[in-house]
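Q: Got a minute to go through a structure with me? I'd like to talk about cysteines and then the core.

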Amino acid sequence: PERRWSIGSATNQTDRRGSVGSNGLTASIQSVMTGAGMRKLKRGMSGSRKMLLDFDKDSVVDGTSKITSLDQLCAQATGLDPILRSKVQGWALHSRGCFRFVDPVREHEGLGPQFVMWQEVHNDPAQVAMIRWGKLKSVSRAVEKLLRSYREDVSQLLDVCRQSIVFNSVEDLTKCAEIILADPEVKVVRCKNRLDPGYNAFTSAGYRDVSLNVRIENQTSSSLGLDAHVCEVLLLLRAFAEVKNEEGHMRYRQFRNARGE
């Protein structure tokens, strides 16, 4: 069949060092992602080759070329974000996973973050609306990492499209990891197990989690040309999630900045 360029035609999976993630986006590109103009969007910033977005059934996605356009990576991340959110909800449902719950009164009183088990709230739209889902990595942070850590190699951005699941026990976290590994729609391309006793926690200022870089290969992601895109899923224990608030995350970023990461 004729080869066509789609929004996911260039993969963000790299060489044997591992696979990589995705990046943030503006509202204007988001509107294109959901509108009729999606089929005729052209890439203009990242080279002379124009990219025609056409998702006909006979199209072939080029899954071998490393992505070089930050714009394209951002568009991929935005398109994959709701797909990844749906997947983590299913995984959490069967592993007693929790998500951060926004309680304005509690946060105003400085009582710290609250987490609710997805099993207990997923059928209540009012409570689901209060859950704080992971956000796409900001463009400014992505550019910062590109210039400082990745030698401007866009394909090495790992964690722009990302979600986290919180657990009350190692057993529940392990069960979730097993569910993800057994999911036929998911390919795990890299795992960082920071819960391993042999992991040097000094490199992460004492913070620990399990980071999975995954590709979602289902009908929806394939139809959008996003099945080659790699995103990040963090599995972490509640004790670490509770200190991973805005202030704690800012200090962690300062620590990584000092290390040039």
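Cysteines and core packing

A: At 0% relative accessibility, C161 counts as buried. Keep in mind that this is a predicted model.

Q: And C231, buried or exposed?

A: Buried, with 0% relative accessibility for C231 too.

Q: How many disulfides does the structure hold?

A: Zero.

Q: Why no bond for C161, given its closest cysteine sulfur?

A: The closest cysteine sulfur to that of C161 belongs to C231 and lies 4.9 Å away, so it is too far for a bond. A disulfide would need the sulfurs within 2.5 Å. Looking from C231, the closest cysteine sulfur is the one in C161, again at 4.9 Å.

Q: OK, switching to packing. How many residues are in the largest nonpolar core?

A: There are 40. Residues with the most contacts inside that core include W91, F99, I165 and V233.

Q: Which elements give two or more residues to this core?

A: The helices are α2 (70-93), α4 (118-121), α6 (139-148) and α7 (170-182). On the strand side you have β1 (98-101), β3 (162-167), β5 (210-216) and β6 (230-237).

Q: Which one gives the most?

A: That's α2, with eight residues.

Q: What does W91 touch, leaving out residues up to four places away in sequence?

A: W91 touches I165, C176, I179, I180, D183, V186 and V233.

Q: Which residues does the second, separate core include?

A: That core has eight residues, among them C98, M117, V166 and L234.

Methods
Residues numbered from 1 in each chain as written. Predicted model: local features only at pLDDT ≥ 70, side-chain atom pairs only at ≥ 80, totals over all residues. Heavy atoms only, no water. Buried < 20%, exposed > 50% of the residue type's maximum accessible area, 1.4 Å probe, protein only. Core = buried A, V, L, I, M, F, W, Y, C linked by side-chain atoms within 4.5 Å. Helix = DSSP H or I, 4+ residues; strand = E, 2+ residues; numbered from the N terminus. Contact = heavy atoms within 4.5 Å.
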